[in-house]
There are 2 protein chains.
Amino acid sequence: MGVRVVAALDQFDRKILALLQENARLTGSELAEKVGLSAAACLRRVQRLRETGVIERDIAIVDPRVFGKRMTVIVLLTLNSDRHDRYQLLRAELEKTPEITQCDHVTGAHDIVLRVQVADMEEYAAFVDRVLVRPYIKRYESLAVLGHIK
Amino acid sequence: MGVRVVAALDQFDRKILALLQENARLTGSELAEKVGLSAAACLRRVQRLRETGVIERDIAIVDPRVFGKRMTVIVLLTLNSDRHDRYQLLRAELEKTPEITQCDHVTGAHDIVLRVQVADMEEYAAFVDRVLVRPYIKRYESLAVLGHIK
DNA sequence: AATGAAATTAAGTAGCT
DNA sequence: AGCTACTTAATTTCATT
């Protein structure tokens, strides 16, 4: 789990990573032009970055609205402090719940922050009933996303 | 901005999208095998999904720790209601701030939710001073991420 | 209108200097 | 690292349904 080989990343690697994080479809020659190495050298580096796990994976970003999931809600969960034994169970369930696209355990006034993708309010209400209404969830606060700034 | 062509997505497109959201590096023949079409047909569909904006883009997921950004903080911002004219300005600034990896305008008890990626507490403190301490930000609540569940 | 098979073009990989 | 040859994948063409 530790991050080895980090010291081995030079400026070229960093530039390549920055570019691929924006657009993973850049070809070897496109990278070459932008970073000032040959195409082969760039691709060798990309290969190495993948093998060492620096690049974890490549994913397609799909407009959630095409699936009819036009509504995003950020949910702040507060757990019952006397039910912290249920944390692992809850965690496993949240991981499996398809509406949840992001989920972090946090410190502070809340315990868990969710990002939920649903079709509409009705579907969100159903999600709340199905997933959030449980004894070991003390409180949840829903923040509906009006617009994505970034 | 409207999402047209959604009705035009059949089961093959949906399957392809689901697969590429997990792994955008699947080749035509790998897709072919999984969805039951020829490689050419799959790639033609992928091309169309890109052209119509259903696939917005492909990105490389890079372990943030390799950049030394080992700390994630979710920040809940509350703006001064009498300074809502500054919203566009703030929005533009947040968009440019490199530490912010995600940023949404929300309803509810807060106005904006940020996801911030920094090296450590010191860097986070500097970020707060530089970005969050401004007259039109009334309050901010920092939730440090202890662990990623999803 | 969209498919599969085949041909073409482009990209990625590997070997050598 | 670069260059070049090789291999694999993506794209286009074309005949078919």
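**Exercise 1. Find what B:Arg45 touches on DNA strand C, then describe the surface around that strand.**

Start with the contact: a polar side-chain atom of B:Arg45 sits 2.5 Å from a phosphate oxygen of DNA strand C. That passes as a polar contact (a pair of N or O atoms within 3.5 Å; within protein, one must be able to donate a hydrogen and the other to accept it, and residues adjacent in sequence count only if both atoms are side-chain atoms). Keep in mind that this is a predicted model, where local features need pLDDT of at least 70, side-chain atom pairs count only at pLDDT 80 or more, and totals for chains, interfaces and linings use all residues. Residues are numbered from 1 along each chain as its sequence is written, chains are lettered from A and ligands numbered from 1 in the order in which they are written, and side-chain values use heavy atoms, with hydrogens and water left out.

Next, look at chain A. A:Gly28 uses a polar backbone atom, 2.8 Å from a phosphate oxygen of DNA strand C, while a polar side-chain atom of A:Arg44 reaches a base oxygen of that strand at 3.2 Å.

Now the elements: α3 (39-51) of chain A and α3 (39-51) of chain B each give two or more residues to this surface. Helices here are DSSP runs (H or I, at least four residues), strands likewise (E, at least two), numbered from the N terminus.

Finally, of the strand C atoms within 4 Å of the protein, 59% belong to sugar or phosphate and the rest to bases.

**Exercise 2. Do the same for DNA strand D.**

List the neighbours, "near" meaning that a heavy atom of the residue lies within 4 Å: among them are A:Ser38, A:Arg45, B:Gly28 and B:Gln47. Sugar and phosphate make up 64% of the strand D atoms that come within 4 Å of the protein.

Then pick out phosphate oxygens. One is 2.6 Å from a side-chain N or O atom of A:Ser38; A:Arg45 puts a polar side-chain atom 2.6 Å from a phosphate oxygen; and a polar backbone atom of B:Gly28 is 2.7 Å from one. Once more, α3 of chain A and α3 of chain B give two or more residues to the surface.

Sort by class and you get five nonpolar, four polar and three charged residues. The sorting counts Ala, Val, Leu, Ile, Met, Phe, Trp, Tyr, Cys and Pro as nonpolar, Asp, Glu, Lys and Arg as charged, and the others, Gly among them, as polar.

**Exercise 3. Work out how chains A and B are related.**

Superpose chain B on chain A by least squares (C-alpha atoms of residues with pLDDT of at least 70 in both). It takes a rotation of 179° with 0.2 Å of shift along the axis, and the RMSD is 0.3 Å. That's the relation of a two-fold axis. In chain B, the C-alpha nearest the axis belongs to B:Ile59, at 2.7 Å.

Then check the interface (contact: heavy atoms within 4.5 Å). The copies meet through the same surface, because 100% of chain B's interface residues are also interface residues in chain A.

**Exercise 4. Describe the second largest pocket.**

A pocket is an open set of points on a 1 Å grid over the protein atoms alone, with protein on both sides within 12 Å along at least five of seven lines; lining residues have an atom within 4 Å of a point. This one holds about 430 Å³, volume being the space filled by probe spheres set on the points.

Of its 20 lining residues, A:Ala24, A:Arg25, B:Ala24, B:Arg25 and B:Arg50 lie nearest the centre. By class, the lining has 12 nonpolar, two polar and six charged residues.

Methods. 1 Å grid on protein atoms, 1.4 Å probe; cavity = no way out; pocket = protein on both sides within 12 Å on 5 of 7 lines; lining within 4 Å.
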